[in-house]
Amino acid sequence: MRNSTFSSEFIILGFGDLAGLQSFFFGLFLAMHLVTVAGHTAIVVVTITDCHLQTPMYFFLRNLSIIEICYILVIVPNMLASFLSMKQKMPFLGCALQMHLFIALGGAECFLLTAMAYDRFVAICNPLHYTLLVTRAFCVQMLATACVSGFVLSLTLTVLIFLLPFCQSHVINHFFCDIPAVLYLACSDTRANEIAVFLVCLLILLIPFLLILFSYGFIITAILKIRSAEGRSKAFSTCAGHLLVSLLHYGCAIFIYIRPKSCYTPEEDKIVSLIYTNVTPMLYPMIYSLRNKDVKVALRRLFTSRKQ
């Protein structure tokens with residue numbers, strides 16, 4: 001059996017089961033969304049305008065925030081609409097596009113976090129060669145590789161999933177077109193597609209995450225060898241934010257995607273998805289600004305100059 005047409009629709013259930021609490025959650029997540037966008041925009045602006053933040057680390061941080069803004073804009077507006085509507089219709093191609101952009105931006109973020117780990121690894125473990133190894137051209141190449149890899153892997157996976165027949169239900173029990181929720185609706189044998197999902201997740205999630213942990217093994221060893229307490233504190237402060245963000249990002253993603261279709265639980269997935277599409281993106285700017293003295297000072301300079 002095959003999909004009847006590419007113009008067929010999916011129905012996004014969203015949070016129809018919340019009944020009278022929908023308006024409250026709409027207001028709550030709208031406020032979180034605005035705080036998130038404002039936080040990431042502030043990081044983008046301050047890392048562009050402040051002359052003290054023109055280093056590779058802040059180049060990666062700036063582009064991570066740009067990717068994060070795009071990432072949440074793909075998901076959150078539709079999610080907010082689902083709070084106000086019991087059922088939300090989405091065209092077949094619209095659902096495929098949302099999935100493609102979500103995976104592509106999420107994949108680019110994973111690869112960029114790995115590049116940031118390499119940047120910290122060289123800065124702390126091999127500081128004398130840092131300016132030779134981590135050049136402006138190298139940073140641009142790493143950014144381009146992260147984005148292209150994310151979009152290519154995402155396109156491959158999205159095509160494989162949407163070529164499946166959805167001959168029974170078109171009702172997605174989620175607030176966006178996520179991989180497990182859409183794959184669950186397929187009415188044919190999806191084992192080959194599940195293997196493809198696992199392989200893509202291996203490339204996007206597991207391998208980068210292991211590389212980050214491996215890098216931080218060396219970084220922590222190098223930090224512990226620093227004799228002065230002030231030196232250890234400064235080195236740790238430049239790495240702690242990135243490590244915490246990586247653990248939050250990869251932890252939620254691995255929980256959702258590195259498992260078989262038989263383990264899919266819609267309500268549990270929706271809660272975890274709410275966390276990694278709303279809560280963790282809101283925390284990232286706070287983590288980077290609170291743990292990083294340079295960013296805090298630059299933000300103060302930015303706000304002070306605007307008041308004058």
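Tutor: A helix here is a DSSP run of type H or I with at least four residues, numbered from the N terminus. The model in front of us is predicted, and in it H2, H3, helix H7 (191–224), H8 and helix H9 (266–291) each supply at least two residues of the lining of the largest cavity.

Student: Why is that space called a cavity and not a pocket?

Tutor: It is called a cavity because a 1.4 Å probe fits at its points but cannot get out, whereas a pocket is an open set of points. The space in the largest cavity comes to about 250 Å³, and of its 21 lining residues, Phe 102, Gly 106, Leu 205, Ala 253 and Tyr 257 are the closest to the centre. H3 gives the largest share of this lining, with six residues.

Student: What makes residues of the lining of the largest cavity nonpolar, polar or charged?

Tutor: The class follows from the residue type: Phe, Leu, Ala and Tyr count as nonpolar, while Gly counts as polar. Sorted in this way, the lining of the largest cavity has 15 nonpolar, four polar and two charged residues.

Student: How many cavities of 30 Å³ or more are there, and what lines the second largest cavity?

Tutor: The count comes to five cavities of 30 Å³ or more. The second largest cavity has a volume of about 110 Å³, and its 15 lining residues include Met 57, Met 116, Thr 238, His 242 and Tyr 288, which are the closest to its centre. H2, H3, H8 and H9 each give two or more residues to that lining, which divides into seven nonpolar, five polar and three charged residues.

Student: Which residues are closest to the centre of the largest pocket?

Tutor: The largest pocket holds about 380 Å³ of space, and of its 14 lining residues the closest to the centre are Lys 234, Ala 235, Ser 237, Thr 238 and Asp 294. H8 supplies the largest share of the lining, six residues, and by class the lining has four nonpolar, five polar and five charged residues.

Student: How do you know that Arg 62 has no salt bridge?

Tutor: A salt bridge needs a side-chain nitrogen of Lys or Arg within 4 Å of a carboxyl oxygen of Asp or Glu. For Arg 62, the nearest side chain of opposite charge, Asp 50, is 10 Å away, and therefore the criterion is not met. Arg 62, which is found in helix H2, is nevertheless buried, a word that stands for under 20% relative accessible area.

Student: What is Arg 62 in contact with, leaving aside its neighbours within four places in sequence?

Tutor: With those neighbours left aside, Arg 62 is in contact with Val 44, Thr 47, Ile 48 and Arg 136.

How values were computed:
Residues numbered from 1 in each chain as written. Predicted model: local features only at pLDDT ≥ 70, side-chain atom pairs only at ≥ 80, totals over all residues. Heavy atoms only, no water. 1 Å grid on protein atoms, 1.4 Å probe; cavity = no way out; pocket = protein on both sides within 12 Å on 5 of 7 lines; lining within 4 Å. Points joined across faces, edges and corners; volume = space filled by probe spheres on them. Buried < 20%, exposed > 50% of the residue type's maximum accessible area, 1.4 Å probe, protein only. Lys, Arg positive; Asp, Glu negative; His and termini not counted. Contact = heavy atoms within 4.5 Å.
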